[in-house]
Every structure is written in structure tokens, then in C-alpha cells.
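Hello,

Here is the structure I promised to pass on to you. Please have a look at it first, and then read my notes below.

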Amino acid sequence: MRTLLLVLALLGPIEQLDRDVAGAVQHARRPALEGPMRFASQIGQPVVVIGGLVVVALLEGTLGAGTARVALVALAGANLTTEALKRLTFRARPDGSHKRSNASFPSGHATSAAALAWALGRRWRKAAPFLGLFALWVCYSRMYLNRHWLSDVVVGVAIGILWAWLAWRWLPPQAKRERPGEEPPLAAAEPQPAPPDRVAG
């Protein structure tokens, strides 16, 4: 009972923060931003994501295929988690739409963007900041278009990063390197010929 009361006590400030942020974001909408924000949301479609991973696998050979495999596993796990939570919470979207199969909490776009950014950024470290900014762009576009609350996006990002981390741990795209100073395993020694028998004198 105490846990339930604590959860309810925390939900009030979170919902108020969601509404305050949503109001500020909608107030800041400008005609020049409509196109870029809609484009960012469209990038998260499954066909585009899978097509991008196929390109990664083809261009990077074996290592690229391993990275694509990690990203696909992360996306699968993250989206299954997201869809389950959507049906459990059945939260209405900021624009008023309210369907259990397409509920607001958490954001599927944010989940996928975060999972991809983490998995690909782990492979290409120099590109990680740009991938992170790209994920933030996708996340903000969902709030900008009045399709998600702030808490939807934050939880979606957390789910995506968690699944990407787990996928990388389970299916590393390359073998672990030897530690510095560690010698490679010795090959099996070839059998040495037996010494000749000594002739008794």
C-alpha cells in the first residue's frame, strides 16, 4: 500500500512537468521547423531502419554484419518491451488520441533511436556524438509534433540504451582482444622422437 501511495505521489509532479514542457514546446512551434521535425519522425520507420542496417552490413563486411546483428537484437528487445508497456499503461497522447495498441507511454521512436545510436556509436566511436544528436532530434520531433510527453521520451531512451547494452554484451560483433602482455595460447607440442636405446657395453 505504501509503495502504491509513493508511486501516486510521484506521478503528480511528473504529469505536471509533462504538461508544462508540452505547452512550452507547442508554443515554440514555427513553420520553418515543421518539415525537419516531420522528416525526423519518418526516419524511425522500420523499413528505413532495416535498410540502413543492411547498408552497414554490406559496407563493413564481417564486422559490419556483427554490428547490424547487435542493433537488430537491441531493436527487437526494446520494441517488444515498449509495446508491452504501451498496452499496460494505455496512456493518452498529448494530441488526444487514445488507443491501447498505440498508446503514448513509452515512445517507440525514442526507443529505436536511442538503441541504434548506442549500438552504432559503440562501433564507430568518432561518430557517437553525431549519432547521439540525431537521436535527440528524433526524440524532440515526437514532442514537437505533439505525439509524446517528455516522460514518454525519457523512458523510451532508457529502454533503448539498456537493450543496446545487453545486446552488445550477449553478441559482441568481434572477438575480445588479448590483454597487453598476454601471450597467445601455445600450440600443441609436436611429439618428440624417443631417444635411441643405449647398447649395453
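Helix 4 and helix 6 pack with their axes 7 Å apart, at an angle of about 40 degrees. Please keep in mind throughout that this is a predicted model. The crossing of these two helices is right-handed. On the helix 4 side, the contact is made by Ala110, Thr111, Ala114, Ala115, Trp118, Ala119, Arg122 and Arg123. Helix 6 brings Val153, Gly156, Val157, Ile159, Gly160, Ile161, Ala164, Trp165 and Trp168 to the contact. Sorted by class, the contact of helix 4 with helix 6 has 12 nonpolar residues, three polar ones and two charged ones.

Both helices also turn up in the largest nonpolar core, which has 14 residues. Within this core, Val49, Leu53, Val70, Ala71, Ala74, Leu75 and Leu116 touch the most other members. Which elements give two or more residues to the core? They are helix 3 (46-89), helix 4 (108-123) and helix 6 (150-170). Helix 3 supplies the largest share, seven residues. Ala74 is a good residue to click on here: leaving aside its neighbours within four places in sequence, Ala74 is in contact with Ala115, Trp163, Ala164 and Ala167. Two of these names, Ala115 and Ala164, also appear in the contact of helix 4 with helix 6.

Now to the charged pairs. How many salt bridges does the structure hold? The count is six. Among them is the pair of Arg29 and Glu34, whose side chains meet at 2.8 Å, N to O. Arg29 is partly exposed, with a relative accessible area of 24%. Glu34 also forms a salt bridge with Arg38, where the closest N and O atoms are 3.6 Å apart. Glu34 and Arg38 both belong to helix 2 (residues 31-43) and sit four residues apart, about one turn of the helix. Arg38 is partly exposed as well, its relative accessible area being 44%.

A further salt bridge joins the side chains of Asp95 and Arg147, at 2.6 Å from N to O. Asp95 lies in the loop between helix 3 and helix 4, while Arg147 lies in the loop between helix 5 (128-144) and helix 6, so this pair ties together parts that are 52 residues apart in sequence. With a relative accessibility of 38%, Asp95 counts as partly exposed. There is also a network: Asp18, Arg91 and Asp152 are joined into one by salt bridges that share partners.

Finally, some backbone details in the loops. Phe105 and Pro106 are joined by a cis peptide bond, with omega about -10 degrees. Pro106 lies in the loop between helix 3 and helix 4. Phe90 is found in that loop too, and has a positive phi of about 50 degrees although it is not a glycine. Is Phe90 buried or partly exposed? Its relative accessible area is 27%, so Phe90 is partly exposed.

Asn146 is another residue other than glycine with a positive phi, in this case near 65 degrees. Its place is in the loop between helix 5 and helix 6. The relative accessible area of Asn146 is 19%, and buried means under 20%, so Asn146 counts as buried.

I hope this helps you find your way around the model.

Best wishes

Conventions
Residues numbered from 1 in each chain as written. Predicted model: local features only at pLDDT ≥ 70, side-chain atom pairs only at ≥ 80, totals over all residues. Heavy atoms only, no water. Core = buried A, V, L, I, M, F, W, Y, C linked by side-chain atoms within 4.5 Å. Buried < 20%, exposed > 50% of the residue type's maximum accessible area, 1.4 Å probe, protein only. Contact = heavy atoms within 4.5 Å. Axes fitted to C-alpha atoms, helices over the stretch in contact; angles between N-to-C directions. Left-handed = near helix turned anticlockwise from the far one by under 90°. Nonpolar A, V, L, I, M, F, W, Y, C, P; charged D, E, K, R; others polar. Salt bridge = Lys/Arg side-chain N within 4 Å of Asp/Glu carboxyl O.
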